[in-house]
Amino acid sequence: MRWQRTRRAEREIYYFDSTQTADAEVCGRILHSMIQEVRAEKKRDGVVFLCIGTDRSTGDSLGPLIGYKLNSQRVRQVEIVGTLERPVHAMNLEQSLAMLHMRYPNHVVVAVDASVGSQDHVGCVTLGKGALRPGLGVCKELQAVGDIFITGIVGGYGSYDPLMLQSVRLSVVMRMADYISRTIALVSRELAAG
């Protein structure tokens, strides 16, 4: 699979195979377009990427790894919340969202998190407009967040076992973190260009 667009629950979701690194540019163009649409619709100025997850679980470390990589690259034109040093996870999500609304009230929020999906989609990156529900894959009820979502599918659903996240291969998570980081870096350059 290269990349594909599907409709679920009245919204378009794009799936990208993270092994196809050249498709990160396509993902970046679609993400940039979504950001511009939300900016116009909601009269927002800035963009903040909320990278959700914890470094204490391989499968759930996708968000903090992306935040770490983006901070290391010193991306411009976007704000990054959630890194390996300061992760945003289930235990501090509510406080992090309060801080986000206080510090970045006029920003488009792009929520980034690991997710579970069908077994044949493991390793895929999803992109869509709308809020993300962190924790659903492991039966946690957390507040929905974001105007746009990016997820990396780290495992197959079915067991809903939080321990499943411990057995996810780090190479799969790193590949998706590289892919998503590259996509976001491309978007930040587009935003800087005008």
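## Helix H4

In this predicted model, helix H4 holds 24 residues, which at 1.5 Å a residue should span 34 Å. The C-alpha atoms at the ends of H4 are 34 Å apart, so the expected and the computed spans agree. The helix covers residues 170–193. After H4 comes Gly194, and the phi of Gly194 is positive, near 130°.

## Aromatic pairs

A pair of aromatic rings is described by the distance of the centres and the angle of the planes. Two such pairs occur in the structure. Tyr14 and Phe16 make up a stacked pair, with 6.5 Å from centre to centre and 20° between the planes. That angle counts as stacked because it is under 30 degrees.

Phe16 also pairs with Tyr179, and this pair is tilted: the centres are 6.5 Å apart, with 40° between the planes. Through these ring pairs, Tyr14, Phe16 and Tyr179 are linked into a cluster.

## Position in the fold

Which parts of the chain does the pair of Phe16 and Tyr179 tie together? Phe16 belongs to strand S2 (residues 11–17), whereas Tyr179 belongs to helix H4, so the pair ties together parts that are 163 residues apart in sequence.

## Burial of the rings

Are the residues of the cluster buried or exposed? Tyr14 has a relative accessible area of 9% and is therefore buried, since buried means under 20%. Phe16 has a relative accessible area of 0%, so Phe16 is buried as well. Tyr179, the partner of Phe16 in the tilted pair, is likewise buried.

How values were computed. Residues numbered from 1 in each chain as written. Predicted model: local features only at pLDDT ≥ 70, side-chain atom pairs only at ≥ 80, totals over all residues. Heavy atoms only, no water. Phe/Tyr/Trp six-rings, centres within 6.5 Å; stacked < 30°, edge-to-face > 60°. Buried < 20%, exposed > 50% of the residue type's maximum accessible area, 1.4 Å probe, protein only. Helix = DSSP H or I, 4+ residues; strand = E, 2+ residues; numbered from the N terminus. Expected span 1.5 Å × (residues − 1).
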